[in-house]
Amino acid sequence: MKQELTQLISAALGTLQGAGVLPADVEPRINIERTRDKSHGDLASNIALTLAKAAGMPPRDLAARICDALPASDLVRQTEIAGPGFINFFLSEATSQAVVQKILAQGEQFGRSNSGEGKRLQVEFVSANPTGPLHVGHGRGAAVGDSLCRLLRAAGWDVDSEFYYNDAGAQIDNLALSVQARCKGMTPEDAAWPEDGYRGDYIVDVAKSYMAQETVDAEDQHVDGAGDADDLEAIRRFAVAYLRREQDQDLKAFGVDFDLYFLESSLYSSGAVEATVERLVSQGHTYEKDGALWLRTTDFGDDKDRVMRKSDGKYTYFLPDVAYHKNKWERGFGRVINEQGADHHSTVTRVRAGLQALGENIPEGWPDYVLHQMVTVMRDGEEVKISKRAGSYLTLRDLIDEVGRDATRYFLVARAPTSQLTFDIDLALSQSNDNPVYYIQYAHARTCSVFRKLAEEGGAWNREQALEQLGALTEEHEKAILKRLDQYPEVVANAARDLEPHTIATYLRELAGDFHTWYNAHKMLVDDAALRDARLALSEAVRQVLANGLDLLGVSAPEQM
RNA sequence: GCGCCCAUAGCUCAGCUGGAUAGAGCAACGGCCUUCUAAGCCGUCGGUCCCAGGUUCAAAUCCUGGUGGGCGCGCCA
């Protein structure tokens, strides 16, 4: 629609340039936007405002000249010059109503596009250490990351989702020591308790399971508990598998899965870490100091250099990170999006710097990042501290059990990632029926219930026939819905372009509101067959778009509530 | 001290590449179920868009400088 109007305006401007009203050398950027107020028509352009200076005439006068020069079109019913010089376009009824036909014809495909052109793209998200259960912050990452995947697929990208498992390194050593301490009956109060050990109760569960020689079946790991408190290596393998299994179960309950779980340990066993070190050394960006091996990341915009290999010979997390992203690049992902908590934002510069230091022509801004701000959890009016090493712990699983999967996902994805989020458990619980997700789902269920009612009454509805009757949709509420529906593909495209899934949530809230208003004001199953058919067609179109949008958020669209 | 993010109604937050009287939910108050699900609808109340400059025909939106908050600045991840 915008395209067609752009062409009309472009033609008009051409005419005016030919007539000498506009200088021939201006290259106008035609901007068309949807109006907020229906008295301003359906679409509006500010073109006269932007060109007034070049034309040397007042904006409203120029707007009039443009309107006069617009080619005739049956898309537009009326144009108006308003305010300081906007040109408002009122679309013809048939043009507005055509969206219903389009939605019913395209079904689940409505709103999808091919701007990604089938190119490969990877989204990495959650990537929690297997050192404890997933908490609310991981939940936000999971909700946003999974929605990004769905959104980018809808925009025509060939998306792979990936979870990076840090199953190597110091944190895992710490985990193994903590579990071992529990196996030996120690508590965090004991003097011999490992420094910075994980104190959470779940460590006790792991230890008990290990000592009882239970078997853990995780994604691709099958580990038997050895029951030997002195075998640290066996404890390590068992604990990692155990916690991985827990996380997998939580994510499954959350409706999130991954195409690939990438193990950090595999970078060591495959030799990728060593190869990366050698490459960096040979590129001349490294030096030794204080017994450690450093990478001169300051050459690539970092504010200080980084240690790659510690004086004890072990690598920091930084090096596997570089090796991992090198691996991603080699797998052919021209575009990679890392969804992470903002507390890790310092890795952005570092990883990119490391990749530049490889000298392998990886683009400077690669990979992309979406950083979500912190989630604060409130319970009984007080902040719940989330720390794996402390005792109190609110897991993602707790949240799913308490407020439900759909509500949790919606709540965590409905806000801009850049915005800090307060998750008030009492509110989520006590007012769960006021959660916006139910408002949207209820609208979907209502569209379905109308058709159920129709069937109960022995009525029938023929789609093709109904589409002939769209001219009957003349109520203001119906026009508002038509306009909203028409907006959907653009909302999806913009959300994918800007990596902002929350805008889908906002849109769905508005569409659901339009529908509820209409539903309350007018009966659909009226005696007038033409009107009834038309309203049912509109209702079905709303249902389809709600379902499509909810799917992008990973939230279910129930037919009944 | 340096870097990243944020500041909009009492609370939680939207506000698309700058656009025409700044929006929603919750909270408060008043209405609407013999009619397709009242998890709904309609109405009222409620805002110096943190402050000060600047750019522009036009700034909540862009720029600069402040103020306030979150996060980060490890041979942790």
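## A charge over a ring

Let's start with a neat detail: the charged end of Arg 509 sits over the ring of Tyr 439, 3.7 Å from the ring centre. To count, NZ of Lys or CZ of Arg has to be within 6 Å of the ring centre and within 35 degrees of the ring normal. Arg 120 does it too, lying over the face of Phe 333 at 4.3 Å from the ring centre.

Some ground rules first: this is a predicted model, where local features need pLDDT of at least 70 and side-chain atom pairs count only at pLDDT 80 or more, while totals for chains, interfaces and linings use all residues. Residues are numbered from 1 along each chain as its sequence is written, chains are lettered from A and ligands numbered from 1 in the order in which they are written, and side-chain values use heavy atoms, with hydrogens and water left out.

## The whole chain

Chain A has 20 helices and 17 strands. Both are DSSP runs numbered from the N terminus: helices are H or I with at least four residues, strands are E with at least two. Along the principal axes, the C-alpha atoms of chain A fill a box of roughly 85 × 65 × 40 Å.

Of the 561 residues in chain A, 51% are buried. Buried means under 20% relative accessible area, exposed means over 50%, and partly exposed is in between (1.4 Å probe, protein chains only). Now for contacts, meaning heavy atoms within 4.5 Å. Take the contacts in chain A with a separation of 6 or more: residues 24 or more positions apart account for 71% of them.

## Rings that pair up

Two numbers describe a pair of aromatic rings: the distance of the centres and the angle of the planes. Rings of Phe, Tyr and Trp (its six-membered ring) pair if their centres lie within 6.5 Å; planes under 30 degrees apart are stacked, over 60 edge-to-face, and the rest tilted. The whole structure holds 20 aromatic pairs. One of them is Phe 163 with Phe 258, an edge-to-face pair at 5.3 Å centre to centre with 80° between the planes. Phe 163 belongs to strand 6 (residues 158–165), while Phe 258 is in the loop between helix 8 (232–253) and strand 9 (260–263), 95 residues apart. Phe 163 and Phe 258 are both buried.

Another pair, Tyr 164 and Phe 262, is tilted, at 6.2 Å centre to centre and 40° between the planes. Here strand 6 supplies Tyr 164 and strand 9 supplies Phe 262, 98 residues apart. Tyr 164 and Phe 262 are buried as well. Ring pairs also link Phe 125, Phe 163, Tyr 165, Phe 258 and Tyr 261 into a cluster.

## Salt bridges

Side chains of opposite charge can pair when their charged atoms come close. A salt bridge here is a side-chain nitrogen of Lys or Arg within 4 Å of a carboxyl oxygen of Asp or Glu, and the whole structure has 33 of them. In one, Arg 34 meets Glu 490 at 2.6 Å, N to O. That pair links strand 1 (residues 32–34), home of Arg 34, to helix 18 (residues 476–498), home of Glu 490, 456 residues apart. Arg 34 counts as partly exposed because its relative accessibility is 22%, and Glu 490 does because its relative accessible area is 26%. Lys 2, Arg 34, Asp 486 and Glu 490 are linked in a network of salt bridges.

Asp 146 and Arg 409 form a salt bridge too, with the closest N and O atoms 2.6 Å apart. Asp 146 is in helix 5 (residues 136–154) and Arg 409 in helix 14, so the pair ties together parts 263 residues apart in sequence. Lys 326 and Glu 330 bridge at 3.0 Å between the closest N and O atoms, and both lie in helix 11 (residues 318–330), four residues apart, about one turn of the helix. Why is Glu 330 called exposed? Because its relative accessible area is 52%.

## A charge without a partner

Which side chain of opposite charge is nearest to Glu 264? It's Arg 236, 9.9 Å away, and Glu 264 is buried yet has no salt bridge. (Lys and Arg count as positive and Asp and Glu as negative; His and the chain ends are not counted.) Glu 264 is found in helix 9 (residues 264–269), and its side chain reaches the backbone nitrogen of Ala 168 at 3.4 Å.

Notes:
Polar contact = N/O pair within 3.5 Å; in protein donor to acceptor, adjacent residues only side chain to side chain.
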